[in-house]
Amino acid sequence: MKIDLTETTSSKINAALVQARRDIGTPAIGMVLTLVIVTDEENAYDALKSANDASHEHPSRIIVVIKRVSRSPRSRRDARLDAEVRVGADSGTGETVVLRLHGELVNHAQSVVLPLLLPDAPVVVWWPEGAPADVAGDPLGALGQRRIVDTYATEDPFAELSSRAETYAPGDTDLSWTRITPWRSMLAAALDQQSVRVTSAVVEGEDENPSCELLAMWLADRLQVPVRRTQSAGPGLTAVRLETGDGAIVLDRADGSLATLCMPGQPDRAVALKRRDTSELLAEELRRLDPDNTYAASLKYGVDRLEAESAAAAKAVPAEPVPAEPARAADAHDGSAAEAADAPEKPAKAPAKKAPAKKAASR
């Protein structure tokens, strides 16, 4: 069921929700949270579709906030609220309210959203793109226990990661971090099977992918080892190599779906490591509403620090040893090869002259 409301108010929207539930025969509220999506017209459809898919696992009231840009000074002064209420099959397993804010109301979106929140239920705010620099200090972000952004959707992901580290507050998270959850789980399980210490690591992935940077920062922070970042053609994150005393632990995913795990002393095995869509990532984030301290520690490790250490580690890679020449190696049987190589050549001795044979006496 869909109900369109023009030039409406929050109280009229609440009344329309109650009436719509009665009309479809489900007056009880069985939703567990409120998901607020802050987006624009261009990205609203995809974001709402992902949220509806995620609502099959987390029944919720979805509130989509679309701030309409006014073109003329007169329209910017006029405040108007249009809404679309969806209940039943049109809204996944919960309820959906699409809000379109015009004029001065754009700057007071929190006053419209606040009366529509489910009572005594957690609130999650998600920016599919265009998130503010300080999401916790944003008026809409202040309403949520969790605040979700996606640095992959920005023009400069590395600068965005640095900005997120400076303004981090408990409850902030990033879908770029969620994308590497299977990688972190697989690598942690592999290290549990090896009783050796990791000495260095290499993370390989496509350029300007914040998930690769976050995984590298997580490894550097948790293992306290130098981590190098290398580039590949993708898609996304392609390989991780952990150097140990017994050999390398390698997790390689070249095709974006199936990976190969190689560990010293064990046969190679194929593991499923497919690239997940936004609805799966969102559903994972909605499973936990407490602050993610591991994400905070990895984020605050710093992109600049990672790049500096990666450059230093690249310079410290030893060159390939040059094999010794066979002649010099053979001369070093009484000493080291270097001593034999540095010893001056001695002139060859002339062969000794043989004494003339004595004639036997024939007397």
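This tour proceeds through a predicted model one selection at a time.

**The sheet**

Begin by displaying the strands. Eight of them form an open sheet with mixed pairing, in the order 1-4-5-3-2-6-7-8. At the edges lie strand 1, residues 2–5, and strand 8, residues 172–174, each of which pairs on one side only. On average, neighbouring strands of this sheet are turned by 15 degrees against each other, direction ignored. In general, the strands of a sheet pair through backbone hydrogen bonds, in either a parallel or an antiparallel manner.

**From strand 1 across strand 4 to strand 5**

Select strand 1 together with strand 4, residues 80–87. Four bridges join strand 1 and strand 4, and the pairing is antiparallel. To locate the register, pick K2, which has R86 of strand 4 opposite. Now keep R86 selected and turn to strand 5, where T96 is the residue opposite R86. The pairing of strand 4 with strand 5 is likewise antiparallel and extends over eight bridges. How many residues of strand 4 are buried? Seven of its eight are, and the strand is mostly covered.

**Strand 3 against strand 5**

Next, select residues 60–67 and residues 95–102, which are strand 3 and strand 5. These two strands run parallel and are joined by seven bridges. One point of reference is R61, whose bridge partner in strand 5 is E95.

**Helix 2 over the strands**

Add helix 2, residues 41–54. This helix lies across strand 2 (33–39), strand 3, strand 4, strand 5 and strand 6 (123–126), and runs at about 175 degrees to strand 3.

**T34 in strand 2**

Within strand 2, select T34. Is this residue buried or exposed? T34 has a relative accessible area of 0%; because buried means under 20%, T34 counts as buried. Beyond neighbours within four places in sequence, the contacts of T34 are R61, I63, L117, L118, P122, V123 and V124. For L118, display the backbone as well: its nitrogen lies 3.1 Å from a polar atom of the T34 side chain.

**Two positive phi values**

Most residues other than glycine have a negative phi. Two loop positions can be examined with this in mind.

The first selection is E7, in the loop between strand 1 and helix 1 (10–24). The phi of E7 is positive, near 50 degrees. With a relative accessibility of 57%, E7 counts as exposed.

Then move to Q224, in the loop between helix 8 (210–223) and strand 10 (227–231). Q224 is not a glycine, yet has a positive phi of about 55 degrees. Its relative accessibility is 54%, and Q224 counts as exposed.

**Cysteines**

Select C212 and C262 for a look at their surroundings. C212 is buried, at 0% relative accessible area. C262 has a relative accessibility of 21%; because buried means under 20% and exposed over 50%, C262 counts as partly exposed. How many disulfides are counted in the model? The count is zero.

**Helix 9**

Finish at helix 9, residues 278–286. Which of its residues are buried? They are S279, L281, L282, A283, E284, E285 and L286. With seven of nine residues buried, helix 9 is mostly covered.

How values were computed: Residues numbered from 1 in each chain as written. Predicted model: local features only at pLDDT ≥ 70, side-chain atom pairs only at ≥ 80, totals over all residues. Heavy atoms only, no water. Pairing = 2+ DSSP bridges. Axes fitted to C-alpha atoms, helices over the stretch in contact; angles between N-to-C directions. Contact = heavy atoms within 4.5 Å. Buried < 20%, exposed > 50% of the residue type's maximum accessible area, 1.4 Å probe, protein only. Polar contact = N/O pair within 3.5 Å; in protein donor to acceptor, adjacent residues only side chain to side chain. Disulfide = S-S within 2.5 Å.
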